[in-house]
Amino acid sequence: MSAIKKLFGIVWSLMGIGIIPLVIMQAMKEIAAKPSEENWIFWSIVIVVLMPIIAFSLITFGVFALKGEYDTIE
Amino acid sequence: MARNVTNVSQTEEVSSTRRVIAASSVGTLIEWYDFYIFGTLAKIISEQFFPKDNPTAALLATLATFAAGFVIRPFGALFFGRLGDLIGRKYTFLVTLVIMGGSTFAIGLVPGYKTIGFFAPAIVFILRLLQGLALGGEYGGAATYVAEHSPAGQRGFWTSFIQTTATLGLFLALGVILIIRQTLGVETFSDWGWRIPFLLSALLVGVSVFIRMKMSESPMFVKMKKEGKTSANPLAESFKQKDNLKMVLIALLGATAGQGVVWYTGQFYALSFLQNACNVEFVQSNMIISIALLIGTPFFIVFGALSDKIGRKYIMMAGMLIAVISYKPIYQMMYDEANLKNKTEIVEKTTVEKKEAVKGTDNVITTVTKKTFADGTSYKETKKETIPLDEAKKAELAAAGKLKPETKKETTLPQDIYIKMIGLVLIQVIFVTMVYGPIAAFLVEIFPTRIRYTSMSLPYHIGNGVFGGLVPLISTRLVEATRPAPGLPPADPLAGLMYPILIASVSFVIGMLYISNKTNNMDVE
């Protein structure tokens, strides 16, 4: 079980890292296609609030999992 | 004799716990009611305070809806959580109640945009932020307070009463609004009647403050304070120390994020889907949700109590998994049941009524089309065209594409489909009770008493406020992305479910791998 927890630690970290360029690129693409106020507000909320929370928590959680911090939890 | 003394002592303990639960739950229920009436009346509030022709006011409207929902709630969790761990649970969640009640009452008193101009949206925006701040501090305090009064082995059961309050608060908000709207009539309600639910809050909060004033401080906190074990810096201890931070992350990613999206999908998105994708009439759609909530609410207690016996983890995870698997079929059935393309129209009963009236400088043409279907469904479409009498202005608006008519579609379902809809929403409410019923006990048990209020409040409000609170915004956006052109129906009306399904799936995997099913005895460390 510990090995699986550690292995998934890599997955969570990569997901956390991967989400940053993915969201920014999508935002740029959609705003460039339609630079409306609605688009700006939506992507601002996603980039300023949601993305940092997801990225930070997944990366930190993944690193902890990889280091075996959760191995003692049964 | 000894047995009699034990029995008396046990009876007193249960009675005391019941008083604690009642006093805490009533206050938390009122806070949720206060918070939800703003969201439920968002359209009227927008018309009163945030006119669309003023871009700054429109921006404030969006921010008031979302900022208080997610940005401010975690701040409230940090601010009041810290206070609760420093000075005590009782006084902290008494303060949050007063702030919430005061700001809700004040919203009911603020003059509209037409009377005081830009001050109106600015004041409402600030009051809405105060509401979010207070809510951020309330829940963690109430859950911690109840859990610390509850006997070990029964925390799931006792804290589940606090868990019912969010749903009951929504139910109360919908109920009060519907009753006042039906009593006063739609026009009077839109004019000034909408203020009554806000003003009513003062009375509810007054009663609740009176009850809470009489309550005693949490026994665990009192013991800890006597022993000098309270934390000097709860924020640093909660989020800078690795041992606690790793539990905060588990709570967020493995539990509250998934719980948040399931909660918002089963209640708010279901209502929005009924009204916008299925075009179910306002009162009927609200009744569907209200009845499902009422029937489903006891299950919070069922699953809370069950979690004391079999552990919290598997109930919460089962709720997430079943939700992930069944959301698409459930929403597909809801859509199909209301879809007029699947029904046979009784053409001879179709009526079209057209009225023209001059209002100010405009000619207003209203066309009402009523259709009846073989299964008993009735449909009403109101098309309103506002055309300026001035030809130059008319040409200008036409060139800018601003002469589009406003169309309101209302489907009234027959009894059998109405009941089926209640059943389909009820299934989703049961998922909500599975993930939400045991979560307060789970959260309070994974953090130490000295920093419990702070540590549990933040993941709860990020999970619910950010991940859950964004369900309507992101899901609507995903559906809109499938719309081939403005005015045409979306190609995939279920596309909005992708967000809650994705978040709940990740949460399920993390929860299954990393969360323990063992319960903690919560001694004062």
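Of the 525 residues of chain B, 48% count as buried, in a model that is predicted rather than determined by experiment. Chain B contains 21 helices and 4 strands, and its radius of gyration of 25 Å is close to the 24 Å that the globule rule gives for 525 residues, so chain B is as compact as a globular protein of that length. Contacts between residues 24 or more positions apart make up 82% of those in chain B that have a separation of 6 or more.

Chain A, by contrast, has 2 helices and 0 strands. Its radius of gyration is 16 Å, whereas a compact globule of 74 residues would have a value near 11 Å. Among its contacts between residues at least 6 apart in sequence, 78% join residues at least 24 apart. The table sets out the overall values for each chain.

| Chain | Residues | Buried | Radius of gyration | Extent of C-alpha atoms along the principal axes |
|---|---|---|---|---|
| Chain A | 74 residues | 19% | 16 Å | roughly 50 × 15 × 15 Å |
| Chain B | 525 residues | 48% | 25 Å | about 85 × 50 × 45 Å |

**Domains of chain B**

Chain B is divided into domain 1 (9–230), domain 2, which is made up of two segments (247–343 + 415–525), and domain 3 (347–412). Between the C-alpha centres of domain 1 and domain 3 of chain B there is a distance of 40 Å.

**The contact between the chains**

Where the two chains meet, 17 residues of chain A and 16 residues of chain B take part in the contact. On the side of chain B that touches chain A, at least two residues each are supplied by α3 (55–87), α12 (242–277), α19 (452–468), α20 (471–480) and α21 (498–514) of chain B. Sorted by class, this side of chain B comprises 12 nonpolar, 2 polar and 2 charged residues.

**Packing of α12(B) with α19(B)**

Two of the helices just named also pack with one another: the axes of α12(B) and α19(B) are 7 Å apart and form an angle of about 35°, and the crossing in which α12(B) passes α19(B) is right-handed. From α12(B) the residues in this contact include V248(B), A251(B), L252(B), T256(B), W263(B) and Y264(B), while those from α19(B) include L458(B), P459(B), Y460(B), I462(B) and F467(B). The residues of the contact of α12(B) with α19(B) fall into 12 nonpolar and 8 polar, with no charged residue among them.

**Two residues of chain B**

E31(B), which lies in helix α1 (residues 2–40) of chain B, counts as buried because it has 31 C-beta neighbours inside 10 Å, where 20 or more are required. Leaving aside residues up to four places away in sequence, E31(B) touches L97(B), M100(B), A134(B), L135(B) and E138(B). T256(B), one of the residues through which α12(B) meets α19(B), is 225 residues from E31(B) along the chain, and the C-alpha atoms of the two are separated by 20 Å.

F125(B) belongs to helix α6 (residues 119–149) of chain B. With 19 other C-beta atoms within 10 Å, F125(B) is partly exposed, because a buried residue needs 20 or more. Although F125(B) and F49(B) are 76 residues apart in sequence, their C-alpha atoms are 9.5 Å apart in space.

Conventions
Residues numbered from 1 in each chain as written. Chains lettered and ligands numbered in written order. Predicted model: local features only at pLDDT ≥ 70, side-chain atom pairs only at ≥ 80, totals over all residues. Contact = placed C-beta atoms within 7 Å. Nonpolar A, V, L, I, M, F, W, Y, C, P; charged D, E, K, R; others polar. Axes fitted to C-alpha atoms, helices over the stretch in contact; angles between N-to-C directions. Left-handed = near helix turned anticlockwise from the far one by under 90°. Domains from an automatic or database assignment. Rg over C-alpha atoms; globule rule 2.2 N^0.38 Å. Buried ≥ 20, exposed ≤ 12 C-beta atoms within 10 Å, placed from the backbone.
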